[in-house]
Amino acid sequence: MASVTLTQVSKVYTGGVKAVTDFNLVVNDKEFLVLVGPSGCGKSTVLRMIAGLETITDGTIAIDDRVVNEIPAKDRGIAMVFQNYALYPHMTVRENMSFALKLRKFPRAEIQERVDEVAALLDIADLLDRRPKQLSGGQRQRVAVGRAIVRKPKVFLFDEPLSNLDAKMRVQMRVEISRLHRRLGSTMIYVTHDQTEAMTMADRIVVMDGGHVQQVAEPMTLYHHPANRFTAGFIGTPAMNFFEGRLRRDGQALLFDGTGFSILLPGAWKEKLAKLPDGPATLGLRPEDVVCLDAGDSSECHFDAALDVVEPMGAETCVYASIGGTSFISRTDGKMRVEPDQHQRFRLRLEAAHCFAPSGEALV
Amino acid sequence: MIISTVGAKHWKTRLAVALIYLVLILGAVTMIYPFLLMLAGSVKSEADADRITPYPEFWFNDHVLFQKYVESKHNATIANCRLAWGVSVPSWRRIELPEPVAPEIIADFGAWRETDEARSLGLLGHTSGARLLPLNARLWRKSMEDKYDGDLRAYCQDSGTMVTDWTGVMPPFEIVGRYRLRSGTEQSRQDYESFKAQRPGADLFFRDPQANFVLDVLSAKYGRTIGDLNAALGTYWRDWDEVLLMKEDGAPPDPLEADREAYLRGTAPLQYIRLADIPASRDAYHRYLAKRHGSVRAYNAMHRTSHTDFTDVPFVAHIDDDPSQRVEWEEFLRDPAFCQTAWISLDGPRERFLQYRRAVCGRDEAAVRATPTLGKIAAAVDYHDCMASSRELRKEFTKRNYLHVLDYIALHGNGIVNTLIYCLLAILTSLIVNPLAAYALSRFKLSTTYQILLFCMATMAFPGEVSMIPAFILMKRFPLWPLLGGVAAMAVTYFLVAKLAPRWRMGRIALSALGAGVLVGGIILPIVLGRDGSQVSLLNTFAALVLPGAANGYFIFLLKGFFDSMPRELYEAAELDGAGEWTKFWTLTINLSKPILAVIALGAFTGAYSAFMMALIIIPDPDMWTIMVWIFQLQSQSHGAVVYASIVLAALPTFLVFAFCQNLIIRGIVVPTEK
């Protein structure tokens, strides 16, 4: 199988729009790598450059140590699955799947064999004589995947392949693609804007924003140790709560003055925050780390806040509240009874908190 | 459905729906009514041309049918009808139904007209029309084609005519005036005689001397009504029928004796005159000859005979006895000093018919005497014939003009073949050229795409007529060799540069190829070959018909829009699958554009099929003419009704194509979106 190496890759479109800047990445052999980021972050551009559908303005892309910058798409040994499937509407499923092999002049028997094999693998053997119009969205996507597999490419590229499916089918296909990855053991690069997909499927995730890599890490590392405020805010649902405030050193004590509350930060942070002078800083806490205290709970309370909306979801309840103009979300046990429009006491679990410098860099 | 089903029963909604239907029906009527007028017009002739009805009136109206029948029977010549019927006929439309005559007379006349005698006196009707092709003319043409087995030159030789194709073959003229005249050679006269013998007696009409005398001599001299005549002569006739050219034996003299004699001697058709063959008349004739020629030798010299004496010269009682004596006989008849009035008798159709009644039908003298004038009989018999075969006549009149056109088109079969080839070539070229151009514009984002499209649109702003003359000149002096040389130079340069400088960008290679092409085709070859050497005339070729319309701005615009709507991913997927540009164009684009291509093909077909002006200008050679040009030729020599029929027939193929391709057209207009 194959590895993909991108070195100092940039893409500037005619008209001067910089889509990707100084992109460095090594995709290991047999890795499932997910590129994730908001719309327009350049993730699709990276994928299309790897595919050979876009020219590379600067830098090099290598597949298996072979620089492919000037090699046409069809000779790069890659296959791509598109968001809208891009099946040939006038061909049957079998013709769709065998088209690439036919163009490469494979013997007929081998084409037949490969298509049948892949069809069995994807459970679409009984659809082979249908046309794309006669298929459901999930079936079409399966055919699109099958069309990619048949070619036995070195690298699979997925460009938001599940976006056109309904929620249920999306979950199902997600699992199937993961399973397929394990079975085929091939390198896959997957672009999505859905961080759930990224978290559940990826071996490693590349978070992108504004054409830059924000962080490359395994899913859990990304969740628990975001490198910066963007990654912290992008990964996780509901998103991380950010409290703006000021850092204050009072003798030995390290204090954080938020709007409407002030708390003592753990002593262990002193070292990590040594670079950061007194002044503006951001405290970041995931919703599950903002604890909503029961009336009878006597543990330490950090502040009182007015509840805004309560979303009971069964196993857990999301509580929307605000303090000093800063809205935040707390995720609590579903058994807890809270009513909107009342005051509630909250405690921040500082052992799981993050602190960001004004530049966005995560210091804790 | 735009109107929601909820609230559909409200009266306002219903009113709106009713109004919409009303407007639609109105629209349909305004479309269909002129179409019906044209259909009805296509089966008309001069007799009913100005009856504007949405259906052919003669289908239901016997009177109109009779007028058409009379027109056709008398070869669309009013004078023929006037002399046959003995009444003045201002126009076919004013023909009234004739007075009936006794069935016994109709039966006798019907029998008589089938005799050889009647055939030799009568003229054949339905042989020529006012730029129409009636039944007998059609049959004559057919019989001549059969006889000569399609060999037009043999026919021309035998008939002494000069026609360029079978549509020019018409029955010989036959005129009975003072003299009996026929066009054509002896051979064609014989053919016509035998043709005439096969046609039913009902097709014959007779020129009645009585009518000739009354209408042309007396009316002209004394006035149009019988009252004028009575006033002039002091007589008491009740109507013109009493003013007989040949009085009954023993009738008292009247003031018209001089007119009668003058008519019989000087005006009546010689064919109808008979002289009494008695010793006195023979003697008078010989004396007349002696006076005229002086000696028998002079007579012999003139007539190439060898008579020893004038008494040997045979007496001519009727012109048919010896047509070579015509001049002598006619002069003798004119001269009252030799030819006595009592010897001259009329021997026209009426006299023969009366004799026939007397001798063959065995009618008694009183019945024979009571026989009306020939004109009255003819009119009544015409009406009788018309009613007896009204079904056939209606059919004949309905199909006549269409047969005329079909006959004409069939005789110009190369027109059909040419049109077929032209249409096919036009469809083929526009299906190749336009999609290629549109594909290039759609797939490759040139910096000048907008300007090129604007140019395409601009071509639509000018009417086709504007480019007609330039196109003609271009086709006449087509720079074929520089063009081919330029294309070849372009191809060679492209491959050479692509090989030698592989690092060059596509645009640069294309630009250098273009430069080489222009250099070779535009400058070098024209200089080397000279003006005459480099130019070729494409006139009279299909290339000249097809090339000017091969690329169509509208089609390119339409196709580009369609290609643009195809998902980009499809092409990207194809690219990853390893498809080259040609595969992407042919396997993908063309396959997915069938509906719009059908629309283009349809447009190319209608354009080519209906092309007339261009086809006429660019193709001077009749062998290469298309149907439209032939139909134009037909129109210039045909009655308006035939023109209508030709238009209806010419519209049929387009109509059929549109009727069967409706779905395609609609699919082409509503651009399908692939989901």
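**Helices, strands and contacts of chains A and B**

E186(B), Q190(B), S194(B) and A197(B) are exposed and sit on the other side of helix α8(B) from the buried residues of that helix. The model in which they occur is predicted. The buried residues of α8(B) are S188(B), D191(B), Y192(B), F195(B) and K196(B). These lie on the same side of α8(B), because they cover an arc of only 135° around the axis. The helix itself comprises residues 186–198 of chain B, 13 residues in total. From its first C-alpha to its last, α8(B) reaches 19 Å, which is close to the 18 Å expected at 1.5 Å a residue. The cover over the buried residues of α8(B) includes α5 (116–121), β1 (123–124), α6 (135–148) and α7 (152–159) of chain B.

A similar account can be given for helix α4 of chain B, residues 103–112. Its buried residues are I105(B), D108(B), F109(B) and W112(B). Seen down the axis of α4(B), the buried residues fall within an arc of 100°, so they line one face of the helix. They pack against α5, α15 (349–359) and α17 (374–388) of chain B. Helix α5 of chain B thus appears among the partners of the buried residues of α4(B) and also in the cover of the buried residues of α8(B).

The domain assignment of chain B gives six entries. Domain 1 covers 7–41, domain 3 covers 209–259, domain 4 covers 269–347 and domain 6 covers 482–525. Domain 2 is made of two segments, 57–207 and 385–410, and domain 5 likewise of 412–478 and 537–674. The C-alpha centres of domain 2 of chain B and domain 6 of chain B are 71 Å apart.

Two loop residues of chain B other than glycine have a positive phi. For D149(B), phi is near 55°, and this residue lies in the loop between α6 and α7 of chain B. D149(B) has 8 other C-beta atoms within 10 Å and is exposed. For R304(B), phi is near 50°. R304(B) belongs to the loop between α13 (296–303) and α14 (326–334) of chain B and counts as exposed, with 7 C-beta neighbours inside 10 Å.

Contact between the chains involves 15 residues of chain B and 16 residues of chain A. On the side of chain B that touches chain A, the elements giving two or more residues are α26 (568–577) and α27 (581–592). The largest share, 7 residues, comes from α26(B). By type, the residues of this side of chain B divide into 7 nonpolar, 3 polar and 5 charged.

Chain A contains 9 helices and 20 strands. Its C-alpha trace spans about 80 × 45 × 35 Å along the principal axes. Of the 364 residues of chain A, 40% count as buried. Among the contacts in chain A with a separation of 6 or more, 65% are between residues 24 or more positions apart.

An open sheet of 4 strands in chain A has the order β2-β1-β4-β5, with antiparallel pairing. Its edge strands, each pairing on one side only, are β2 and β5 (66–67) of chain A. Within this sheet, strand β1 (residues 4–12) and strand β2 (residues 18–27) of chain A run antiparallel and are joined by 6 bridges. V12(A) stands opposite K18(A) in β2(A), and K11(A) stands opposite V20(A) in β2(A). The hairpin of β1(A) and β2(A) has 5 residues between the strands, and G15(A) there takes a positive phi near 110°.

A second hairpin of chain A is formed by β9(A) and β10(A), with 2 residues between them. In its turn, G210(A) has a positive phi of about 55°. Strands β9 (residues 204–209) and β10 (residues 212–217) of chain A run antiparallel and are joined by 5 bridges. M208(A) stands opposite V213(A) in β10(A).

Two loops of chain A complete the description. D75(A) is placed in the loop between β5 and β6 (78–81) of chain A. With 10 other C-beta atoms within 10 Å, D75(A) is exposed. Its C-alpha atom is separated by 57 Å from that of G258(A), 183 residues apart along the chain. P238(A) is found in the loop between α8 (229–234) and β11 (241–250) of chain A. The peptide bond joining T237(A) and P238(A) is cis, with omega about -15°.

Technical notes:
Residues numbered from 1 in each chain as written. Chains lettered and ligands numbered in written order. Predicted model: local features only at pLDDT ≥ 70, side-chain atom pairs only at ≥ 80, totals over all residues. Domains from an automatic or database assignment. Pairing = 2+ DSSP bridges. Contact = placed C-beta atoms within 7 Å. Nonpolar A, V, L, I, M, F, W, Y, C, P; charged D, E, K, R; others polar. Expected span 1.5 Å × (residues − 1). Buried ≥ 20, exposed ≤ 12 C-beta atoms within 10 Å, placed from the backbone. Arc of directions from axis to C-beta.
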